[in-house]
Amino acid sequence: MSTEVTERQARAVAEAAREREWRLPSFGKELFLGNFRLDLISPQPRLDAAAVDKGEAFLARLREFLVAEVDPLEIERESKIPERVLDGLKQLGALGMKVPETYGGLGLSQVYYNRALALAGVWHASLSTLLSAHQSIGVAQPLMDFGSDEQKRKWLPLVARDHVSAFLLTEPDVGSDPARLGATAVPTDDGYVLNGLKLWATNGAIADVVVVMAQVPDRGITAFVLPYDSPGVTVEHRNAFMGLRGIENSVTRLEDVFVPRENVIGAEGQGLKIALTTLNTGRLALPAICVGTAKWATKVAREFASERVQWGQPIGRHDAVAQKIAFIAASAFGLEAMLDVASRLADDKRSDIRIEAAIAKLYASELGWQVLDELMQVRGGRGYETAESLKARGERPVAVEQQLRDMRINRIFEGSTEIMHLLIAREAVDRHLEVAGEILEGDGDLKDKARVALQAGRFYAKWLPQLAVGEGQKPGAYERFGRLAGHLRFVERSSRKLARSTFYAMSRWQARLEKRQAVLARIVDIGAELFAMASAVVYADTIRSEQPGRADEAAELADLFCKQSRRRVGALFSALWSNDDVDNYALAQRVLEGRYAFLEEGFADPADAR
Ligand SMILES: Cc1cc2nc3c(=O)[nH]c(=O)nc-3n(C[C@H](O)[C@H](O)[C@H](O)COP(=O)(O)OP(=O)(O)OC[C@H]3O[C@@H](n4cnc5c(N)ncnc54)[C@H](O)[C@@H]3O)c2cc1C
């Protein structure tokens with residue numbers, strides 16, 4: 001395929017890779033259709049007792065190892081995870097957390113895999129990034145989902161024990177848009193010959209085996225398991241970033257690299273689908289790390305704001321700081337709730353969680369970033385100072401500036417916020433496209449259109465009236481949730497309002513809606529807030545039944561989180577119809593044309609001098 005790809009072709013490639021079917025119920029899909037299916041997330045599935053015992057035992061071992069053996073300041077100073085730390089992680093079995101025991105892994109549940117990532121990630125985010133790139137997108141997960149028995153028997157025991165793996169999709173010209181993928185895999189008698197340049201592969205500088213995506217001519221993007229010591233594989237550069245200083249991220253060149261036929265994962269042309277499907281649950285790794293960090297932020301804010309005295313009282317008593325602490329604590333609870341709801345569903349396997357996991361990634365990376373930004377403000381100058389410097393002058397090495405730097409990438413990788421908005425919006429309007437897609441797309445002849453219009457008319461005649469009334473209008477609805485019931489009523493009402501708004505947006509802009517990305521983003525963000533609120537209430541209820549001693553505290557946090565979330569929902573709904581989107585877009589185009597060149601005067605750009 002040529003690297004000259006039109007927007008339409010790029011979308012067609014993404015659409016072809018999308019998992020189309022909905023075999024299992026989806027809370028998120030129903031929510032966007034105005035159908036608040038609380039029964040799909042509440043009561044939450046109970047954790048399996050054996051999985052809890054195994055998970056807790058592993059967390060205890062991991063914690064002990066981190067505290068005793070790993071110096072996060074050393075990772076930061078040396079920009080490297082020391083060899084002995086990597087060896088220690090291997091000995092703990094951390095490389096095989098998600099791999100089933102039958103293949104030599106630990107077989108942790110999603111809930112405990114997440115908790116382990118959060119634990120490692122707060123200690124140093126480079127550790128959790130190494131582990132999640134290795135398991136969630138590296139060799140393990142795609143093989144568990146799509147590998148043949150033979151591939152599983154061969155590779156899973158290795159990656160579970162000591163073979164570090166990586167995932168090589170991105171190229172200099174291929175970021176969010178895989179249609180341009182340039183790496184090629186040309187078939188030979190017994191395999192393929194790979195050529196290409198892969199960028200930003202996490203673990204790619206130290207990997208033993210990788211998943212690589214390449215185009216098989218006429219067949220499309222294909223996923224291969226590639227032993228990294230294959231002749232022709234060269235690591236050309238180790239990349240350095242704003243944060244995640246310890247990760248081994250590579251530029252890798254593939255020059256006439258032979259890979260045997262049996263190393264194709266799934267089938268030729270299935271590569272992108274495999275990558276996207278793997279991410280459907282793999283995406284929970286990243287919000288897990290954000291949740292850990294938000295919980296840590298609560299601790300840091302509490303400690304500092306109660307100890308630090310300025311203007312006659314602890315800074316946490318000043319209203320401006322107290323507001324931030326409340327935001328940090330409530331957000332940490334809301335994020336943990338969303339992750340717990342999605343992860344238990346993942347373990348339970350009775351729901352399709354692709355929308356919930358995608359929302360968790362989007363929402364946790366965005367809110368998590370705000371949490372850390374506010375935390376830095378709470379810590380003032382100490383927030384901006386490095387842990388190393390704090391330690392050198394005798395203060396506790398609280399690494400807020402590092403955590404902020406490390407957190408920032410979460411809004412970019414594994415699907416940037418902008419791409420997640422589009423991806424979730426696509427799922428949210430899926431039902432509409434099914435019934436009225438041909439009209440909206442503007443393709444097809446008039447007779448076809450008339451047929452589709454009739455069919456769509458029947459659907460909407462039934463669906464729209466359903467959006468007028470619901471449980472959320474009944475004062476006593478959801479009363480088993482006590483003081484939190486009102487928030488669920490709000491979610492129910494807002495879910496219908498969101499569905500109506502989506503319908504209006506589709507009627508108003510029709511096929512052009514896909515260009516109105518700011519509108520789509522708001523629709524998605526409202527859905528995300530509603531999922532977060534529902535999760536907070538449901539999770540507080542779970543805590544009430546599983547840990548009764550914490551019931552009141554959980555309810556207080558859930559209540560405040562929902563209040564904060566409601567205000568965001570209100571602002572998003574208003575902005576749906578009252579905004580400057582069109583003006584913004586027009587001005588941006590003029591910026592691109594260079595109309596405001598005078599704004600760019602008065603400085604010298606160091607990058608231009610190089
Ligand atoms: C630290 C780090 C680790 C990484 N690890 C891996 C890895 O292990 N394996 C791997 O394969 N890749 C990896 N990546 C690559 C990462 O997944 C990409 O950076 C990401 O996909 C975004 O691509 P890009 O940076 O080229 O941005 P671009 O695609 O160039 O996008 C630039 C901006 O435009 C926006 N944008 C792009 N297209 C659209 C659109 N259609 N509509 C609206 N907005 C759009 C994006 O959201 C972004 O804001 C890593 C990157 C980093 C920095």
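**Ligand shell, salt bridges and strands**

Trainee: How many Å separate a nitrogen atom of the ligand from an N or O atom in the side chain of Thr170?

Mentor: The model is a predicted one, and the distance is computed from its atoms. Thr170 is listed among the closest of the 18 residues that surround the ligand. From a nitrogen atom of the ligand to an N or O atom in the Thr170 side chain, the distance is 2.6 Å.

Trainee: Which residue has a backbone N or O atom 2.9 Å from a nitrogen atom of the ligand?

Mentor: Two backbone contacts can be considered here. A backbone N or O atom of Phe167 lies 2.8 Å from a nitrogen atom of the ligand, so that distance does not fit the cut-off of your question, although both distances fall within the 3.5 Å used for a polar contact. The residue whose backbone N or O atom lies 2.9 Å from a ligand nitrogen is Trp200.

Trainee: What share of the area that the ligand exposes when taken alone does the protein bury?

Mentor: Backbone atoms take part in holding this place, as with Trp200, whose backbone N or O atom is 2.9 Å from a ligand nitrogen. Taken alone, the ligand exposes 980 Å², and the share of this area buried by the protein is 68%.

Trainee: Which strand and which helix each supply at least two residues of the shell around the ligand?

Mentor: The shell can be described by class, with 10 nonpolar, seven polar and one charged residues. By element, at least two residues of the shell come from each of strand 3 (191–202) and helix 16 (417–428).

Trainee: Strand 3 is part of a pair, so which residue in strand 3 is the bridge partner of Pro187?

Mentor: Strand 2, residues 184–187, pairs with strand 3 in the antiparallel sense over four bridges. A hairpin of three residues joins strand 2 to strand 3. Within this pairing, the bridge partner of Pro187 is Tyr192.

Trainee: Which residue in strand 4 does Phe167 stand opposite?

Mentor: In a regular strand the side chains alternate between the two faces of the sheet. In strand 1 (residues 165–168), Ser165 and Phe167 point one way while Ala166 and Leu168 point the other way, and all are buried. Strand 1 pairs with strand 4, residues 209–216, in the parallel sense over four bridges, and the residue that stands opposite Phe167 is Val211.

Trainee: Which helices hold Lys295 and Glu336?

Mentor: Among the 37 salt bridges counted in the model, one joins Lys295 to Glu336, with the closest N and O atoms 2.6 Å apart. The pair ties together parts that are 41 residues apart in sequence, because Lys295 and Glu336 lie in helix 11 (residues 285–307) and helix 12 (residues 319–348).

Trainee: Is Glu303 buried or exposed?

Mentor: Glu303 forms a salt bridge with Lys299, the closest N and O atoms being 2.7 Å apart. Both residues lie in helix 11, four residues apart, or about one turn of the helix. Lys299 has a relative accessible area of 37% and is partly exposed. For Glu303 the relative accessible area is 16%, under the 20% cut-off, so Glu303 is buried.

Trainee: How many residues apart in sequence are the parts that Glu395 and Arg382 tie together?

Mentor: The side chains of Glu395 and Arg382 meet in a salt bridge, 2.9 Å from N to O. Glu395 lies in the loop between helix 14 (387–392) and helix 15 (400–408), whereas Arg382 lies in helix 13 (residues 354–384), so the separation in sequence of the parts tied together is 13 residues.

Trainee: With the side chain of which residue does the side chain of Ser136 make a polar contact?

Mentor: Ser136 has its place in helix 7, residues 125–137. At 1% relative accessibility Ser136 counts as buried. Its side chain makes a polar contact at 2.8 Å with the side chain of Tyr113.

Trainee: How far apart in space, C-alpha to C-alpha, are Leu286 and Asp39?

Mentor: Leu286 is found in helix 11 and, at 4% relative accessibility, counts as buried. Leu286 and Asp39 are 247 residues apart in sequence, and from C-alpha to C-alpha the distance in space is 27 Å.

Notes: Residues are numbered from 1 along each chain as its sequence is written. This is a predicted model: local features need pLDDT of at least 70, side-chain atom pairs count only at pLDDT 80 or more; totals for chains, interfaces and linings use all residues. Side-chain values use heavy atoms; hydrogens and water are left out. A residue is near a molecule or strand if one of its heavy atoms lies within 4 Å of it. A polar contact is a pair of N or O atoms within 3.5 Å; within protein, one must be able to donate a hydrogen and the other to accept it, and residues adjacent in sequence count only if both atoms are side-chain atoms. Accessible areas come from the Shrake-Rupley method with a 1.4 Å probe; for residues, only the protein chains shown count as cover. Ala, Val, Leu, Ile, Met, Phe, Trp, Tyr, Cys and Pro count as nonpolar, Asp, Glu, Lys and Arg as charged, and the others, Gly among them, as polar. A salt bridge is a side-chain nitrogen of Lys or Arg within 4 Å of a carboxyl oxygen of Asp or Glu. Buried means under 20% relative accessible area, exposed over 50%, partly exposed in between (1.4 Å probe, protein chains only). Two strands pair if DSSP finds at least two bridges between them.
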